[in-house]
Structures are given as structure tokens and as C-alpha cells.
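Visitor: I should like to learn how to read the surroundings of a ligand and the charged pairs in a model. Could you guide me through the structure shown here?

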Amino acid sequence: MPVKCNLCDSGAILKRPKTGDALCKNCFYFAFEEEVHKTITDANLFVRGETVAIGASGGKDSTVLAYVLKVLNQRYDYGVNLVLLSVDEGITGYRDDSLETVKRNQQQYELPLKIVSYEELYGWTMDAIVKQIGLKNNCTFCGVFRRQALDRGALLMKVDRIVTGHNADDIAETVIMNVLRGDIGRLQRCTAITTGNEGALPRSKPFKYTYEKEIVMYAYFKKLDYFSTECIYSPNAYRGFARAYIKDLEKIRPRAIIDIIHSGESLSVKKAVKLPVQGTCERCGYISSNPLCKACILLEGLNRGLPRLGIGKSHKERRKLNEMLAQKSEATDSGTNSETSKETTDDASGTLGTESSGSPNTKQKCENCTCGSGCLSDKLEKVQLDRRKIDPAMIDF
Ligand code: SF4
Ligand code: ZN
């Protein structure tokens, strides 16, 4: 006998993963949208008149987010201006295709779109980075650069807030990963629906309590146009293990995802634990709890041919950097290397030099060595010292 929808008299066509309710298509759409609306209103996510950038990758989460926010903005008159913001990491055969989906979404949802690329911001594509560093740690570069690229794109679009498609499964995975790493600073932040409230650009997650399975169902039944291929550089083993672990838990206890998020929300950090103090990067002005932000350190490593600088314990790379700088210093002292020195000066400022919040092209003489090139050895050293002094939670990496 056909099963009836729990909310109306129509025939049910699905069982909601989150509640186990048998629902018809329309009641599922309504329940899904209303839950997102409740998340938004409970957390007062939007202010009338704001411009809100939806981080759009063309994948299911951000596509459904753009669609649902457009529906809710009209249904409940939030009064916000929605725009799409995409980052082109420069991954041939993946991001170029997914950006085509975003461009179609722009037409379908009639929203303005801005695309910023790693190449224009950092002078590197992910293809070029992977060529240099291989397939280990590539996601570290990509993740750090993407976070900053989204903010930069948002500033260019003069938006007031960024929303991303992070869903409940993503957040539960992040909680588990931070527990396993003992990363107290991030553990405290990762369940917050909005981060960066203290800065100019808050970031919110309207899908914080939305199950990934339901996002897929919604996209499928609504026939939304999204891109579902995985990134060609996607090892991300650590998150993969956390994901597999949560999937196993879910089989025994379907509420596991929400329970992990609630546990994360309820954790409080002892007063004695020192948490990172947010400041700004001395080089590019981006938010950072260290003298140099992670993106600047990674970029410096790439530009100097020391790509592991800034990744894990990179003592060897740091030694090489110091040796290189010492050699340059000797050459400069002997007065035979004025051209090379200038090259290094231009090199050291890198792409980000032009983005600096201070005077962009002013080269400062390094205080720690005599290379005269505005080298970063002192600041990098300070980061290392800070790392030894404090627990990993202090490092904004
Ligand atoms: Fe970037 Fe890694 Fe994601 Fe690919 S899988 S888009 S390389 S973070
Ligand atoms: Zn920086």
C-alpha cells in the first residue's frame, strides 16, 4: 500500500534522513526551506539593506544555497541584495567546468556574479602549485588562499557579509578533526554560525543544521543545475577519515551529526587556556594571529622555491631560506650584486606587495640581516618562536 505523506494526504516519495518522516515532494521542499529560514532568523543572520555574497562553487551546497536564499528573500522579504562570488583556483578540468555551472546559475537566478582567481591575486594557479609541490599538502595552499580570495572578492564587490554552503556534515567533520588535532582555538570557533563578526566581513553558514543528504535530495527533486565532479587534486585524507567515521556513527545513531554539532557548541574553554589574539598581517593587512598571515608565508615559500615553508615542521626549508639570505647578504656586502639584490627586492614583495594596506611598493630594509631586500627571516623566525612557546591552538594556520 502506498505510504502517505506525514504532513498532507498526498503519496510520500521520500523518507527524510533528518527526521525519518515520510513526505511528498512539496512538503519536503517546504520543511527544508522553513528549517533554513528558522536558522537564519534565530541567529539574526541578515540585516535589511545588506549585500550578501554567496560563495558559489557550482557544487550542490552552494547551488542549493543560492536557490533557497533567493526563494526565502522573496518569501520573507529579508530585504538583502544577493550576489554570487566565485574563486577560480586555476584547476584545469575541474574548476573551469564548475565555473561554467556558476555562470549558468547566474542566468537562472538572475544574480550578479564576480569571479576572482588565484592567478590574479597570488600569481599562481593551483595547477602550477601542484606542479611545484606535488599532491601532498596542496589542499593546505588551496584552502588558505581560497579563504583570503573570498574576502578579497567580497571587498571588491563591497558586500557586507559572505555566506557559504557549509552543511551540518561538514561542521560535524570539522569538530571531530579539531578534537583529534587538539586545536582548541578552532574547536571553539568551528560551530559558530557566524565568524569574523569583529572584523569588517562576517561569514555565515545558513546550512549549519542542514544534512548533506537532504541538500542532495532537494537539488535532485528540484532539478537544480549543479556540478558534481570531485576535484582532481583531492586527497584530503584526514577529512575523509573523519567523514567515514561519522557515517559509521550515523548508521547506529542517525542523530549523530546534530549531536556532534551540539557537543561542539556546548564546549567551553578553560579560562587558563590562552587563545589566539587576532591582529593583522604585517605584509598584506589580512586578519592573522601571527605577524605574517599563513597565505603570505606560503606565497613566500612558493616564490622562493621553498614550497614547504609554512607547512608543518619546515625547519629544513627555513634553514635553506636563511642560507639563501646569508649568501645574498655576502654578495651585497662585497658590492658585486646590486642587480640581484634588486631582483630579490621585487621578488620578495611578490604579488601581495601591491595589495598591502600600507604603502604598497615601499621596500623596507630587513632589520635582521643585511640583504636589503625586505626579507622575512625575522618575521618567520618569530612565528617559529611563537609556535614553540604556545600550543597549536595559538597558530592561525
Ligand atoms: Fe583545492 Fe584541495 Fe579542494 Fe581541490 S580538493 S579544490 S585542491 S582544497
Ligand atoms: Zn599576509
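Guide: Let us begin with the ligand, bearing in mind that this is a predicted model. Ligand 1 is surrounded by I91, N138, C139, C142, R146, C231, Y233 and S234.

Visitor: How many nonpolar, polar and charged residues does the shell around ligand 1 have?

Guide: The shell comprises five nonpolar residues, two polar and one charged.

Visitor: With which side chain does R146 meet in a salt bridge?

Guide: The general idea is that side chains of opposite charge can pair when their charged atoms come close. Here R146 is paired with E89, at an N to O distance of 3.0 Å. R146 belongs to helix 6 (residues 138–156), whereas E89 sits in the loop between strand 4 (81–88) and helix 3 (95–109), so the bridge ties together parts 57 residues apart in sequence.

Visitor: Are R146 and E89 buried or exposed?

Guide: R146 is partly exposed, because its relative accessible area is 32%. E89, at 1%, is buried.

Visitor: Which residue forms a salt bridge with K213?

Guide: The partner is E250, with the closest N and O atoms 3.7 Å apart. K213 lies in helix 9 (residues 212–222) and E250 in helix 10, so this pair links parts 37 residues apart in sequence. K213 is partly exposed at 42% relative accessible area, while E250 counts as buried at 10%.

Visitor: Which residues are joined into one network by salt bridges that share partners?

Guide: That network consists of K60, D61, D170, E173, E212, R239 and R243. In the whole structure, the search finds 29 salt bridges.

Notes
Residues are numbered from 1 along each chain as its sequence is written. Chains are lettered from A and ligands numbered from 1 in the order in which they are written. This is a predicted model: local features need pLDDT of at least 70, side-chain atom pairs count only at pLDDT 80 or more; totals for chains, interfaces and linings use all residues. Side-chain values use heavy atoms; hydrogens and water are left out. A residue is near a molecule or strand if one of its heavy atoms lies within 4 Å of it. Ala, Val, Leu, Ile, Met, Phe, Trp, Tyr, Cys and Pro count as nonpolar, Asp, Glu, Lys and Arg as charged, and the others, Gly among them, as polar. A salt bridge is a side-chain nitrogen of Lys or Arg within 4 Å of a carboxyl oxygen of Asp or Glu. Helices (H or I, at least four residues) and strands (E, at least two) are DSSP runs, numbered from the N terminus. Buried means under 20% relative accessible area, exposed over 50%, partly exposed in between (1.4 Å probe, protein chains only).
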